[in-house]
Amino acid sequence: MKHVVILGNGISGITAARYIRKYSDYRITVISAETEHFFSRTALMYIYMGHMKYEHTKPYEDYFWEKNRIELRHAWVQAFDFANKTLTLTEQGTDVPGTLTYDILILGVGSVSNRFGWPGQDLEGVQGLYNYQDLEAMEANSEGVERAVIVGGGLIGIEMAEMLRTRDIAVTMLVREKEFWDAVLQVEEAKMIGRHIREHGVDLRLVTELEEITAQGERVGGVVMKNGEKLDCQFVGLTVGVSPNIEQFRDTELETEKGILVNRFLETNLPDVYAIGDCVQHREPPEGRKPVEQIWYTGRIMGETVARSICQAKTQYQPGVFFNSAKFFDIEYQTYGQVPAQVPAGFQTFYWEHAEGRIALRINYRSGNEAVTGINAFGMRLRHEVCEKWIKGKKSVGYMLSHLRDAHFDPEFFKRHEKAIVRAFNKTHHDHTIRLGGRPAFWEKVFG
Amino acid sequence: MTAVQKIGLTLFSMGFAIWIVTLSLGQCTLTPDILSDTTLIKKEHYELIRASAAPMLGKTYTTAFSFGNAFRGAVDEVNQKFRDQQQYDKVIYDNYAFPVTKAASVGAITEYTALWFWLSIGLAIVGALMYIFPKKRLLPGIKNDHIFHHPATSRGWLGILLGTFLILFYVVLYFYPEYIVNWVILVDPISRALNGGPASQWFLYGFLYSLCILVMGVRMIIKYRHSPYQQIRSVSVMFFQTSFAFLIPEILVRLNRPYYDFKNMWPLDYDFFFDYNLNQMLSNGTLGLFMLVWGIALFVLAVPIFTYIYGKRWYCSWVCGCGGLAETLGDPHRQLSDKSMRAWKIERYTVHGVLVFAIVMTAFVLYTYFTGQSNIGPIDSYSVRSAYGFYIGSIFSGIVGVGFYPLMGNRVWCRFGCPLAAYLGLVQRFRSRFRITTNGGQCISCGNCSTYCEMGIDVRAYAQKGQDIVRASCVGCGICSAVCPRGVLNLENADPDSRVMIAPEVMVGNDMPKIRKR
């Protein structure tokens, strides 16, 4: 019986373990230094805000692991002997290292928060937010804080801002770009989210860069910006992205660059060693995808794929139409396909925003055949399956808009926007007269 | 917290404290007139009680507690004699302590009833609304901040205190109503205005129940003002409680008609087929007959038809009074339900067990009604009936069902005990268009849905696999969908056969080839 050892108990490692158990009888060991059990790292913010406790973020009850014969080791791996397929590891709470041999090793070791060598970045009260230890640190570091500064305007930055606002801590966000997250969002969406951030009492400073973090004793006492402006603060969140956690492989035979290099089958350069999730860098990324893609969903899909490869047939990593989601304070965001920040040549875009400025829809499509290539939805829920079908099936923007009701996923009685969206499109695209199809919901007829 | 909210909280606490204090107001004095009042004490019992109650005459008791205890003692004394002589048929089972204590009450509470009403309940309402309304300032959206940090909502000291109060309240209401005559006196004027008679402890209970649903319903509407589903649903339970459960039955009584709640349904309304209820309906002409037919049609026709179309939510979280209280007063405690597999196993035994008990009990009652025989074999139908009333009707649905809100979540009764929920659940599970769909591969397993499921369903377990949530217990409150930060969950009705009961082999968003089952 083969022994599969999985390093990391995040979504990719645990998905791999679950599917390997589904497909086989192999011995499975999962090693993690972070927590004993798998929990949803995307829910860290909710623990801090008091929406949930740590135990609520565990997707499986504790008996699950024994029942499914998945051995959990709460331990640190100190050394990798890939030639002899042996790991040296120290169990949490002990200091005597032991060894563990494997037949197959899956590396799902995740990311580390970026730090760009700012003066003062290692002071007390300066931190990123990625893992459970970061959450514990944030609990301690934000105690009694009056003002916090968050450096970086991405998904983790806005989460951190929301978290700190629930404790009535004044938050200043320093964002290098012209608009919030405008490396990903087009300017209209970026502006809308920026407005919403300010609505929540966050002092959002665009086109502002950090120069240094100043100390007050051991702790952070303030920040200095590139424009010379100074700001007192007792907490600094560094949320300028994450990078694959590859430091531990530096002096090993494992080939790394930005991340652990893998082929289409998620195989590393070493036999029987696979890598999945955040730590991966694809040698040949699937079409239209980035070599390093640190997203919950792609981690999960890699876990499914690697399990299939190990237990059944060698299977390529084949994510479908790109999708992702987030929530910016109260505005939910879903994206399907490719919606780059700048509309590429040969593409057109359509944007509709509700007058209240918290609901919006963006459609990118090709100029010639008008095939839809990407969709962004804000404050409006769309059906994943339908959006994927449209993009995969290269349906035209006209087809999509006339079938917009098929993608509706908001709860019952919610105000429907299909009519307004189609009207807006027809108004600006005189060569089209799109008619909204489908059956309006009963309530739409009553109140529409 | 704003200044208005702070004042509101202070006023509410003051009102609540004064309400407790009102229990000690006034005095009680027993007069011969009260003792011989046949509307209070049956004539045959008056003769028996008179002697043992004689020492109480003219004596002033400073509280309803001491008076109630003394009078209860007087009746017990009579009963003890009968028991000693083994004359069990003569034992007095009527609760005379409550009506006599109420009649004997004099002083501040009876003279200044309106004043004390407004100082206690009135002040509490004003305070509560002052606390609730400023939340409109917050931007619309899910606002669950600090729920697990607050002692009232995380089984902390305040939650335990609140639970203790609720449990005590139900124990006193069911078994020692004479202790709370002053509260009943406070709502006497309202009772007279509605049904023309004085209030009983049940009128007080109905009044407070409706009040809680209304005030906390306003809170729901404000808290979920980004969600029309939650708002309309809250208005629905507020409407059904105030009209169907509270006002209409009182007006029927005023018109000399049987007390009837047109939305209450057997087997939740477990005494529907009790002899006195059947007799009352049958002796009330067309209206009475209509009530009987309506009551039967509800559970024979409405349950299968509406549950097929909408799921059990049409009743449990839109119409039902127990559901109404759970969804309003109980909303702050919904996250305390147990989501473990163990709890689900226990739930399936208890809730279906109560359903079987209710059916057997009703069968006994009807057998006795039609044949006139009180025994089936060695079992006496009256003791089955009173056992059900005591253990299920009082202890389970009241003391445990509501008293444990702050400890075990707001649907303890609905989940573990309600026989109607069990019946609706069977229809929903096996033949209904209702399901909660999951949105492709968008779940991030965060756990908000499971945490805020009042019925203790591990919603996430389904969502992260891409499987529809089809569960007998789901009351369709829609909170899982509301708290989901990724728009994954949606309550939908469609062809029953289109429900995704088995998780897809490969979820949406992964183009890995599917392997056909060999």
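Q: UniProt positions are given here in the numbering of this model, feature names are shortened, and annotations may be inferred rather than shown by experiment. Which residues of chain B does UniProt list as "transmembrane region"?
A: The structure is a predicted model, in which local features need pLDDT of at least 70 and side-chain atom pairs count only at pLDDT 80 or more, whereas totals for chains, interfaces and linings use all residues. Residues are numbered from 1 along each chain as its sequence is written, chains are lettered from A and ligands numbered from 1 in the order written, and side-chain values use heavy atoms, leaving out hydrogens and water. The unreviewed UniProt entry places the feature on chain B at residues 7-26, 115-134, 155-176, 202-222, 234-255, 287-310, 349-370 and 390-407.

Q: How far apart are the end C-alpha atoms of residues 202-222 of chain B?
A: Helices (H or I, at least four residues) and strands (E, at least two) are DSSP runs, numbered from the N terminus. By that assignment the span is 100% helix and 0% strand. Its end C-alpha atoms are separated by 30 Å.

Q: What share of residues 3-282 of chain A is strand?
A: UniProt, in an unreviewed entry, lists this span of chain A as "domain: FAD/NAD(P)-binding". Its end C-alpha atoms lie 26 Å apart. Helix makes up 20% of the span, and strand 32%.

Q: How many salt bridges are there over all chains?
A: Side chains of opposite charge can pair when their charged atoms come close. A salt bridge is counted when a side-chain nitrogen of Lys or Arg is within 4 Å of a carboxyl oxygen of Asp or Glu. Over all chains, the count by this rule is 46.

Q: How many residues apart in sequence are the parts tied together by A:Glu91 and A:Arg73?
A: A:Glu91 and A:Arg73 form a salt bridge, with the closest N and O atoms 3.1 Å apart. A:Glu91 belongs to strand S4 (residues 86-91) of chain A and A:Arg73 to strand S3 (residues 70-81) of chain A, so the pair ties together parts whose separation in sequence, in residues, is 18.

Q: Which strand of chain A holds A:Glu353, the partner of A:Arg195?
A: The side chains of A:Arg195 and A:Glu353 meet in a salt bridge at 2.9 Å, N to O. A:Arg195 lies in helix H6 (residues 187-199) of chain A, so the pair ties together parts 158 residues apart in sequence, with A:Glu353 in strand S22.

Q: Is A:Arg308, in its pair with B:Glu505, buried or exposed?
A: A:Arg308 forms a salt bridge with B:Glu505, the closest N and O atoms being 3.2 Å apart. The pair crosses between chains, from the segment after strand S7 (489-493) of chain B to helix H7 (residues 296-311) of chain A. Buried means under 20% relative accessible area, exposed over 50%, and partly exposed in between (1.4 Å probe, protein chains only). B:Glu505 is partly exposed at 26%, whereas A:Arg308, at 1%, is buried.

Q: What is the approximate area of the nonpolar surface patch that includes B:Leu301?
A: Patches are made of residues with over 30% relative accessible area and no salt bridge; like charges are joined within 9 Å, and nonpolar side chains (Val, Leu, Ile, Met, Phe, Trp, Tyr) within 5 Å. B:Leu301 is in helix H14 (residues 285-310) of chain B and is partly exposed, at 49% relative accessible area. Together with B:Ile296, B:Val300, B:Ile305, B:Phe306 and B:Tyr310, B:Leu301 makes a patch of about 510 Å².

Terms used. Areas by Shrake-Rupley, 256 points an atom, 1.4 Å probe, with all protein chains shown as cover.
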